[in-house]
Amino acid sequence: MEPSFPLLTAIIATPAIGALVVLLISKRYPGIIRLVGFAFSIATLALCIYLLTQFDQSDPGFQFVSRHVWIEPFGISWYVGVDGISLFMVVLTGLMFPILMAGSDPVKQEKPYTVWLLLSEASALGVFLALDLFLFFVFFELTIIPLYFLIAGWGYKRRLYAATKFILYTLFGSAFMLVGLIALVALNARATGVVSFDMVALAESQNVIGNAGRWIFLAFGIAFAVKTPLFPVHTWLPDAHTEAPTAGSVDLAAVMLKLGSYGMVRFGLYLFPEASVFFAPLMMTLGTVGIVYGGVVAAMQHNIKRLVAYSSVAHMGFVVLGIFALTTQGLTGGVLVMVNHGITTGALFILLHYLYERRHSYEMADLKGLQTSIPIIAGVFTVSMLASIGVPGLNGFVGEFLVLVGTFVSARWWAVVAVVGVIVAAVYMLWAYQRVFHGEPDEANRNLPDLKLKEGLVIAPLVALMVFIGLYPKPVLDRIEPSVKKLLEHVELNSDYRQPEVSLKGGD
């Protein structure tokens, strides 16, 4: 039954309306533009929090469903819904955009800058809430445009190269998804006589796909692998992160990288359960390679922003590993890693922005001994760094631990290799901290201003979430796990896969 108030539609529409309102404001009033943009992002966050409070954790299905016919001859609808898997992706998106708006100011052209941020938020929310394949594809493609213009317009020296590389990679992947989407709908139409882009109906009609399911899964998988990004189609990410403005980097890390991994869960496992089981070893291998490779390459970087960018390749490798472990613990951990990565890496990019404002450099050789002059920033960076590494008591530990446990019971050797990535992460993050904050500062680093009140207010919610989720993850896990179990039951029902049981007893 459709709710009386279309909450999910309102969540998507609010930032889009905000972008339209900003367009109507004269560029002569940059302060008003920033205030209006921030107000609409806060309104979106308020709706997301309301969604969180009203979400029924005992219901594993889609809630707050809203459906209206859009293009009737082609069976296309405005069809949105949320479950435990997408819930925290929505809340994370709603949280991060007010933070990144407050945490960084554009040096020029506030009006288009604010418009692109609001459109980026609206399109990302649309991806996480769409249950119609055509609607999903539209939003998935729309996410590319704002980020391209943010990087190209407000990035650093090689911004045009990074923006062009980003859009070419993502459009290349999306072309495959479009072919796969059309093939899936055509096969279903030939078998049923009905043209439909309804994801739920397509997922329940597994018999119409046949042997083509594996090929269509690959078509979708290429698009999602590029967006994740999964090794070896990850090379656009370090350049995009390095050259993007702070808002672009936070947007990328906290939200955009989740679109691909979310697509693997929502459309890979759900639409193609048999193909997901068949390709699981390959996907886990690529995820594990990404964990180790991303960590090793990160350890070799001299630019700290680029180091954090490569750390994202490793973290998203954990997500893919957890998804295709095909266990409740692994998949729940993978979803939680997506949330935690957005919080911790978003915080790290904001902190790097604070360092850049003070030293105008991301080169670690220029940032020696900062702990002496900016001890509070150093302390906050320490907490964020330890959360990123996965130290117990902080949010990063919970998700990675569940991924490793869930993978160990279904694919032991992949889990063993992935543990190496945890060790490598400790090496590159601790070494980076030592080079940036320890030692005797030179003259340029001796009298820098420490964390300001506004900066502290921006970063405080993220640090609080790192600690809260690390110490008490139950409220998050209780909402994710029922939907994960239902999804894996769907996979088992439509394939010959049976999830191994986790036993804490000794012996065989």
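Helices and strands here are DSSP runs, numbered from the N terminus. With that in hand, welcome to this predicted model. Below are a few spots to look up: two cis peptide bonds, at Thr228–Pro229 and at Phe231–Pro232, some backbone angles, and a nonpolar surface patch formed by Val467, Phe468, Leu471 and Tyr472.

**Cis peptide bonds**

- Most peptide bonds are trans.
- The bond from threonine 228 to proline 229, however, is cis, and its omega is near -10°.
- Proline 229 sits in the loop that joins α9 (212–227) and α10 (236–243).
- Another cis bond runs from phenylalanine 231 to proline 232, with omega near 10°.
- Proline 232 also belongs to the loop between α9 and α10.

**Positive phi angles**

- Most residues other than glycine have a negative phi.
- Phenylalanine 64 is not a glycine, yet its phi is positive, near 55°.
- You will find phenylalanine 64 in strand β1, which covers residues 63–71.
- Histidine 360, again not a glycine, has a positive phi of about 55°.
- Look for histidine 360 in the loop between α14 (328–359) and α15 (370–373).
- Exposed means over 50% relative accessible area, so histidine 360, at 57%, counts as exposed.

**A nonpolar surface patch**

- Val467, Phe468, Leu471 and Tyr472 make up a nonpolar patch on the surface, and together they have about 390 Å² of accessible area.
- One of these residues, leucine 471, lies in helix α19, which spans residues 453–471.
- Leucine 471 is exposed because its relative accessible area is 61%, and the cut-off for exposed is over 50%.

How values were computed:
Residues are numbered from 1 along each chain as its sequence is written. This is a predicted model: local features need pLDDT of at least 70, side-chain atom pairs count only at pLDDT 80 or more; totals for chains, interfaces and linings use all residues. Side-chain values use heavy atoms; hydrogens and water are left out. Patches are made of residues with over 30% relative accessible area and no salt bridge: like charges are joined within 9 Å, nonpolar side chains (Val, Leu, Ile, Met, Phe, Trp, Tyr) within 5 Å. Accessible areas come from the Shrake-Rupley method with a 1.4 Å probe; for residues, only the protein chains shown count as cover. A salt bridge is a side-chain nitrogen of Lys or Arg within 4 Å of a carboxyl oxygen of Asp or Glu. Helices (H or I, at least four residues) and strands (E, at least two) are DSSP runs, numbered from the N terminus. Buried means under 20% relative accessible area, exposed over 50%, partly exposed in between (1.4 Å probe, protein chains only).
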